[in-house]
Amino acid sequence: MFSKFFIDMSYGQIIVVYCAVGLFVLYGTFFALRRVWPHFIIQDVDSDFISGLHAALFTITFLTLGYSLSNVTETVDKYQQDVMVEANELKTLDMLATYYDTPGSMELRQDLRNYALSIVNDEWPQLFTGEGSDKTLELQRNMRADLQQFHPTDGKQLAIYSQMLESVPKIVHARLARILNANTKVSRPFLATNNIGYLGVLIISALMLTQFTWFRFFTLNIQVVAVSFLFAATIVLDNPFSGVDRVSPAPILNIAESSLITF
């Protein structure tokens with residue numbers, strides 16, 4: 001539910017949401033405290049303790065968010081590389097079918113092109129749900145069935161056919177891996193821990209404002225904005241096959257539209 005709420009939001013919109021929520025919690029807590037306990041002020045004897053607690057909790061939250069961001073960035077880069085590998089396998093099979101040069105190989109190339117286009121047009125929009133497209137799967141089966149109709153008659157065709165048989169399982173595996181990857185996200189408890197830590201920072205910040213200074217006012221607001229940027233970057237990248245910053249199907253689309261698999 002958390003990911004779906006942000007799925008159609010841009011990076012800037014997520015920043016605005018987190019800033020708004022953060023400021024609401026900060027000043028909502030501050031004014032609620034003022035209303036319930038109007039004369040409450042952090043005493044000097046507790047000031048150092050509160051500042052140290054705030055610094056420690058803020059540092060932990062910032063570090064864990066930084067780790068999350070680093071993790072999802074590496075994940076998106078890996079998934080993009082996997083898509084390029086999948087595109088290269090499709091390209092390799094098409095080239096082998098071209099070298100085979102029989103009427104059956106032309107049919108295989110057409111089904112291969114339709115399969116590549118279906119990955120982009122039919123399956124990609126479904127990946128954010130963690131599921132593949134039945135139409136894409138059916139086209140993959142057609143492609144495999146085409147290959148079973150080949151009957152090599154000489155050494156050249158036998159060698160090419162052997163390489164095609166090695167290429168098809170790689171294409172099947174690449175699709176299954178891509179669908180499984182679409183379900184991979186930052187651990188929900190880990191992200192929840194980040195949010196709870198952030199909530200603790202905001203509550204302590206509200207307590208610190210009871211000894212109001214303009215310096216504290218500005219620095220605590222800057223803190224909210226800084227953490228919002230980190231949260232937004234993590235959330236955007238945590239949806240690798242959807243959203244505004246995602247793994248691109250362009251390598252597969254380029255293969256489908258290239259002269260290698262057009263006629």
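Contact here means heavy atoms within 4.5 Å. With that in hand, open the model, which is a predicted one, and start inside helix 7.

**Stop 1: Asn194**

Select Asn194, which sits in helix 7. Its relative accessible area is 1%, so it is buried. Now show what surrounds Asn194: setting aside residues up to four places away in sequence, it touches Thr61, Thr64, Leu65, Ser68 and Phe231. Keep Phe231 on screen for the next stop.

**Stop 2: Tyr198 and Phe231**

Add Tyr198 and look at the two rings. Tyr198 and Phe231 form a tilted aromatic pair, with 5.5 Å from centre to centre and 45 degrees between the planes. This pair links distant parts of the chain: Tyr198 belongs to helix 7 (residues 188-208) and Phe231 to helix 8 (residues 214-237), 33 residues apart. Are these two residues buried or exposed? Both Tyr198 and Phe231 are buried.

The structure holds 13 aromatic pairs, so there are others to look for. For a group of rings, select Tyr27, Phe212, Trp214, Phe217 and Phe218, which ring pairs link into a cluster.

**Stop 3: helix 2 against helix 7**

Switch to cartoon and bring up helix 2 (residues 11-36) alongside helix 7. The two pack at an angle of about 40 degrees, with their axes 8 Å apart. Helix 2 and helix 7 are therefore oblique to each other, and their crossing is right-handed.

To see the contact itself, show side chains on both helices. From helix 2, pick Tyr18, Gly22, Val25, Leu26, Thr29, Phe30 and Leu33. Opposite them, helix 7 brings Asn195, Tyr198, Leu199, Leu202, Ser205, Ala206 and Leu207. Colour this contact by class and you get ten nonpolar residues, four polar ones and no charged ones.

**Stop 4: helix 2 against helix 8**

Leave helix 2 where it is and swap helix 7 for helix 8. How far apart are the axes of helix 2 and helix 8? They are 8 Å apart, and the helices pack at an angle of about 140 degrees. That makes helix 2 oblique to helix 8, and helix 2 passes helix 8 in a right-handed crossing.

On the helix 2 side, the contact is made by Tyr11, Ile14, Ile15, Tyr18, Cys19, Gly22, Leu23, Leu26 and Tyr27. Among the partners on helix 8 are Phe217, Asn221, Val224, Ser228, Phe231 and Val236. By class, the contact of helix 2 with helix 8 counts 17 nonpolar, three polar and no charged residues.

**Stop 5: Leu127**

Next, jump to the loop between helix 4 (103-123) and helix 5 (134-148), where Leu127 lies. Leu127 counts as buried because its relative accessibility is 0%. Draw a distance from its C-alpha to that of Phe241: these atoms are separated by 6.2 Å, although the residues are 114 apart along the chain. Beyond residues up to four places away in sequence, Leu127 touches Arg178, Ile179, Ala182 and Phe241.

**Stop 6: Ser167**

Finish in helix 6 (residues 155-181) by selecting Ser167. Ser167 has a relative accessible area of 3%, so it is buried. Which residues does Ser167 contact, leaving aside its neighbours within four places in sequence? They are Glu89 and Leu93. For one last distance, join the C-alpha atoms of Ser167 and Glu89: they are separated by 6.6 Å, with the two residues 78 apart along the chain.

Terms used:
Residues numbered from 1 in each chain as written. Predicted model: local features only at pLDDT ≥ 70, side-chain atom pairs only at ≥ 80, totals over all residues. Heavy atoms only, no water. Phe/Tyr/Trp six-rings, centres within 6.5 Å; stacked < 30°, edge-to-face > 60°. Helix = DSSP H or I, 4+ residues; strand = E, 2+ residues; numbered from the N terminus. Buried < 20%, exposed > 50% of the residue type's maximum accessible area, 1.4 Å probe, protein only. Axes fitted to C-alpha atoms, helices over the stretch in contact; angles between N-to-C directions. Parallel < 35°, antiparallel > 145°, perpendicular 65-115°, else oblique. Left-handed = near helix turned anticlockwise from the far one by under 90°. Nonpolar A, V, L, I, M, F, W, Y, C, P; charged D, E, K, R; others polar.
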